[in-house]
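Trainee: I should like to request a close look at a single part of this model, the sheet. Please describe how its strands are arranged, and then set that part in the context of the remainder of the chain.

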Amino acid sequence: MMKSLFFLLLVAVANAKRFQRCEWAHKLKDSGMDGYRDVSLADWVCLTKWESDYDTMKTHHNNDGSTDFGIFQINNRWWCNDKIMSFRNGCQINYLLSDDVTVAINCAKRVVTDPQGIAAWYGWRNHCQGRDLTPYLDGCGL
């Protein structure tokens, strides 16, 4: 039993990725996030800095029993199915933590199409909204 648990932990750690700020900014730009739904690239970089510190394996357990997953902290109550809690599954995904951020980026695009837009994320509202975000792209060559 302990060997199995240890193996699963090793697999999870092996799939983890914490992006560097500029590396992540380039990935977002290459994925069409710059200007998507009028959200700037700097807004996306700032949001993910405060939500996950650019960590693909980040999880956060909320007081309502839901969990936020991954680099965008996608919530299982509304946006994904983690086989524990899912009421809406708005992104139509079984969310798995992974360093392949394609699914997370596509889901973030879906989230931002809702009426709240990027304000759906507390990290953006509390740390990015109405602020100078140029430092998030400084030195990235974008």
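Mentor: In this predicted model, three strands make up an open sheet in the order 1-2-3, and their pairing is antiparallel. Strand 1 and strand 3 (74-75) occupy the edges, and each has a single partner strand, so one side of each is left without a neighbour in the sheet. Strands of a sheet pair through backbone hydrogen bonds, in either a parallel or an antiparallel sense. Between strand 2 (residues 67-69) and strand 3, the antiparallel pairing extends over two bridges. One of the residues concerned is Phe69, whose bridge partner in strand 3 is Ile74.

The place of the sheet within the chain follows from the order of the elements. The protein chain has five helices and three strands, and from the N terminus on these run α-α-α-β-β-β-α-α. Of its 142 residues, 40% count as buried. Among contacts with a separation of 6 or more, 55% are between residues 24 or more positions apart. The chain exposes about 8,300 Å², of which carbon and sulfur atoms supply 53%.

The loop that precedes the sheet deserves attention next. Asp53 and Arg18 meet through their side chains in a salt bridge, at 4.0 Å from N to O. Asp53 lies in the loop between helix 3 (41-52) and strand 1 (59-61), and Arg18 in the loop between helix 1 (2-14) and helix 2 (21-30), so the pair ties together parts that are 35 residues apart in sequence. Both partners fall in the intermediate class of accessibility: Asp53 is partly exposed, with a relative accessible area of 28%, and Arg18 is partly exposed at 49%. Asp53 also forms a salt bridge with Lys49, where the closest N and O atoms are 2.6 Å apart. Lys49 is partly exposed too, with a relative accessible area of 31%. These contacts belong to a network of salt bridges that links Arg18, Lys49, Asp53 and Asp55.

The structure holds six salt bridges. Another of them joins the side chains of Asp114 and Arg110, at 2.7 Å from N to O. Asp114 is partly exposed, at 29% relative accessibility, and Arg110 is likewise partly exposed, with a relative accessible area of 30%.

Helix 3, which ends before the loop of Asp53, also contributes to the aromatic contacts. A search of the whole structure finds five aromatic pairs. In one of these, the rings of Trp44 and Trp121 have their centres 5.8 Å apart and their planes at 75°, so the pair is edge-to-face. Trp44 lies in helix 3, whereas Trp121 lies in the loop between helix 4 (102-111) and helix 5 (122-127), so the pair ties together parts that are 77 residues apart in sequence. In contrast to the partly exposed charged residues described above, Trp44 is buried, at 0% relative accessibility, and Trp121 is buried at 5%. The two tryptophans belong to one aromatic cluster, which is formed by Phe19, Trp24, Trp44, Phe72 and Trp121.

Some aromatic rings also have a charge over the face. Lys17 lies over the face of Phe19, a member of the aromatic cluster, at 4.9 Å from the ring centre. Lys109 lies over the face of Tyr36, at 5.4 Å from the ring centre.

A further residue of helix 3 completes the picture. Ala42 lies in helix 3 and is buried, with a relative accessible area of 10%. Leaving aside residues up to four places away in sequence, Ala42 touches Leu133, Tyr136 and Leu137. The C-alpha atoms of Ala42 and Leu133 are 5.8 Å apart in space, although the two residues are 91 apart in sequence.

To return to the part requested: the sheet is open, antiparallel and ordered 1-2-3, with strand 1 and strand 3 at its edges. In the loop between helix 3 and strand 1, Asp53 is joined to Arg18 of the loop between helix 1 and helix 2. Within helix 3, Trp44 is paired with Trp121 of the loop between helix 4 and helix 5, and Ala42 touches Leu133, Tyr136 and Leu137.

Key:
Residues are numbered from 1 along each chain as its sequence is written. This is a predicted model: local features need pLDDT of at least 70, side-chain atom pairs count only at pLDDT 80 or more; totals for chains, interfaces and linings use all residues. Side-chain values use heavy atoms; hydrogens and water are left out. Helices (H or I, at least four residues) and strands (E, at least two) are DSSP runs, numbered from the N terminus. Buried means under 20% relative accessible area, exposed over 50%, partly exposed in between (1.4 Å probe, protein chains only). Rings of Phe, Tyr and Trp (its six-membered ring) pair if their centres lie within 6.5 Å; planes under 30 degrees apart count as stacked, over 60 as edge-to-face and the rest as tilted. A charge sits over a ring if NZ of Lys or CZ of Arg is within 6 Å of the ring centre and within 35 degrees of the ring normal. Two strands pair if DSSP finds at least two bridges between them. Contact means heavy atoms within 4.5 Å. Accessible areas come from the Shrake-Rupley method with a 1.4 Å probe; for residues, only the protein chains shown count as cover.
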